[in-house]
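Visitor: I would like to learn how to read helix packing and cavities. Please take me through an example.

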Amino acid sequence: MGDTPEKNVEAAGTHGPGARMTMPDLRAWFAREVLPHEARLIQYLRRNWRDKSEIEDLLQEVYVRVYDAAQKQLPEAARAFVFTTARNLLINRFRQQQVVAIEAVADLESLEISADEPTPDRTAIAHDEFRRLQAAIDRLPPRCREAVLLGRIEGLTGREIAQRMAISEAAVSKHLTRGMSLLSDLLHREPLLNRDLGESDPS
Amino acid sequence: MTEPAPLPTAADIKERAAEWLQRREFWTWSKKDQAELDAWRAQSSAHEIAFIRMEGAWNRTMRLGALRQPMRQTKRETRARWSFALRSVAAALALVVLAGASVAWLNYTPEKTFSTAIGERKTLKLADGSSIQLNTDTQITLRMDAGQRHVELLRGEAFFDIHHNDHVPFTVAARGYRVIDLGTKFLVRADRGDLEVSLVEGKARIEVLNKPRQSHSAELSPGDVAVASAGSLSVVRKSQTALATELSWQRGVLIFDNTTLAEAVGELGRYNRRKFVIADPAVARRTIYGAVPATDVEAFIRVARSVMGLKVEQRNGEIVFSQ
């Protein structure tokens, strides 16, 4: 049970005075600086953790640790902080498991994170954004996609969508929930879309 | 372990966040709902993060309606405001043509012509409760007497919402075909190569004008779209959504759903006098989603520039799109 991951994280991730943030600032910071790394982060976790059914929970754990730490002190280099947190979490889990895949350790050891890597060029991404959205929307199940499009493009309310699709409001609610949930994965994780993030693999 | 694994899985929490978000975005939302959501978010960092993450992705899909964005302000009220705005526009454009009581109509024989200019829409309300909506650049003649109600679509596109009357059939003639109402709402479009008749509600029959008994006829049910040319008549089916998309002009909006830029610009051209040119075939093939006010060329250009990253130049009165 050795050292806590938090200790490692803080040693590796935060520098300087940092700043206390208000809640809206913190939320905005998280959306802007942390979420864009999700595709890479998922890739990293998948490669290093055998049980794929636990990836979602690991991701959440990383996010919670980053968020809670940022509440106390804002890390200067968000990307480095996120990946260091992930690494420390995995190391900790390996220790608890006592069964460690050798490749995984090697991968973890060699993990180097450069803090000053350029953030993706936002204007370049903006140009692809529309296409990216289309690709994501295309991958929704048909009814789900229909509900989302009626809501998003035509600006219909849930009730209006129900009328248009001739289904119950509860069913619309289900389609929208599913649609939003799937879109959150598709949009945050589509690796080809984040080409600037995707090329600079740390391992 | 430094902390015990939380009981709900990350997937559960994600689902719950989506649940909350769709409730806020699409259904009635009270102060109490907001307070409950705030409480849920405050319960744990995992909840908070799941919601930020869900909202972040959903906000990105805003671009789907990007063409419309200049007209919206904030999420909730805008939807109402938008549809209200559309309704006001529709109401302002609605032209009530009727004079006299319904009896007068039935005896009313003379043929009368109605038309719309490019970018204009008109609604004709008939005494029997039926209505006809003319889309951009459309011309019809209307003739009504005791025994029949008859429209000739000379050009353009019109939507018919007809009160069925067994004794007084309603027919629409266009391009050598006749559509006979059997209690319906339908759309007739004669602005492209083929004549298209889309049935939205009820039933209708389409047949060749001169040889009604021959094989060139079909009975249409909702969702059917008859495509008729001089030599042939075929019927395809469209989804409700596809039909709704075709009818979006009634609200002054063009909806693009996986539409190529070439098609989109073609549609836009129907409502605007300005000419569009796509300089590059690769650009013409790019597809878009979105909704655009039919007569707002500037909004379309804005999105072509900022969202699609295209170069848009205006020269010699033409609007040129290129990479």
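**Helix crossings and cavities**

Guide: In this predicted model, α1(B) passes α2(B) in a left-handed crossing. A crossing is left-handed if the near helix is turned anticlockwise from the far one by less than a right angle, and right-handed if clockwise. Helices are DSSP runs (H or I, at least four residues), numbered from the N terminus.

Visitor: Before we go on, how are residues and chains labelled, and which values count?

Guide: Residues are numbered from 1 along each chain as its sequence is written, and chains are lettered from A and ligands numbered from 1 in the order in which they are written. Local features need pLDDT of at least 70, side-chain atom pairs count only at pLDDT 80 or more, and totals for chains, interfaces and linings use all residues, while side-chain values use heavy atoms, leaving out hydrogens and water.

Visitor: At what angle do α1(B) and α2(B) cross?

Guide: Axes are lines fitted to C-alpha atoms, for helices over the stretch in contact, and angles run from 0 to 180 degrees between N-to-C directions. Here the axes of α1(B) and α2(B) (residues 31-43) cross at roughly 160 degrees and come within 11 Å. The two are therefore roughly antiparallel. The cut-offs are under 35 degrees for roughly parallel, over 145 for roughly antiparallel, 65 to 115 for roughly perpendicular and oblique for the rest.

Visitor: Which residues make the contact?

Guide: Contact means heavy atoms within 4.5 Å. From α1(B) they include B:Ile13, B:Ala17 and B:Trp20, and from α2(B) they include B:Leu37 and B:Trp40. The contact divides into five nonpolar, one polar and five charged residues. Ala, Val, Leu, Ile, Met, Phe, Trp, Tyr, Cys and Pro count as nonpolar, Asp, Glu, Lys and Arg as charged, and the others, Gly among them, as polar.

Visitor: How do α2(A) and α3(B) pack?

Guide: α2 of chain A (residues 23-34) and α3 of chain B (residues 45-60) pack at about 60 degrees, with axes 10 Å apart. That makes α2(A) oblique to α3(B). Their crossing is right-handed. A:Met23, A:Arg27, A:Phe30 and A:Ala31 meet B:Glu48, B:Ile49 and B:Ile52. Five of these residues are nonpolar, none polar and two charged.

Visitor: How many cavities of 30 Å³ or more are there?

Guide: On a 1 Å grid over the protein atoms alone, a cavity is a set of points where a 1.4 Å probe fits but cannot get out; lining residues have an atom within 4 Å of a point. Volume is the space filled by probe spheres set on the points, which are joined across faces, edges and corners. The structure holds five such cavities. The largest has a volume of about 130 Å³. Its lining has 13 residues, with A:Gln60, B:Ala10, B:Lys14, B:Ala50 and B:Arg53 nearest its centre.

Methods: 1 Å grid on protein atoms, 1.4 Å probe; cavity = no way out; pocket = protein on both sides within 12 Å on 5 of 7 lines; lining within 4 Å.
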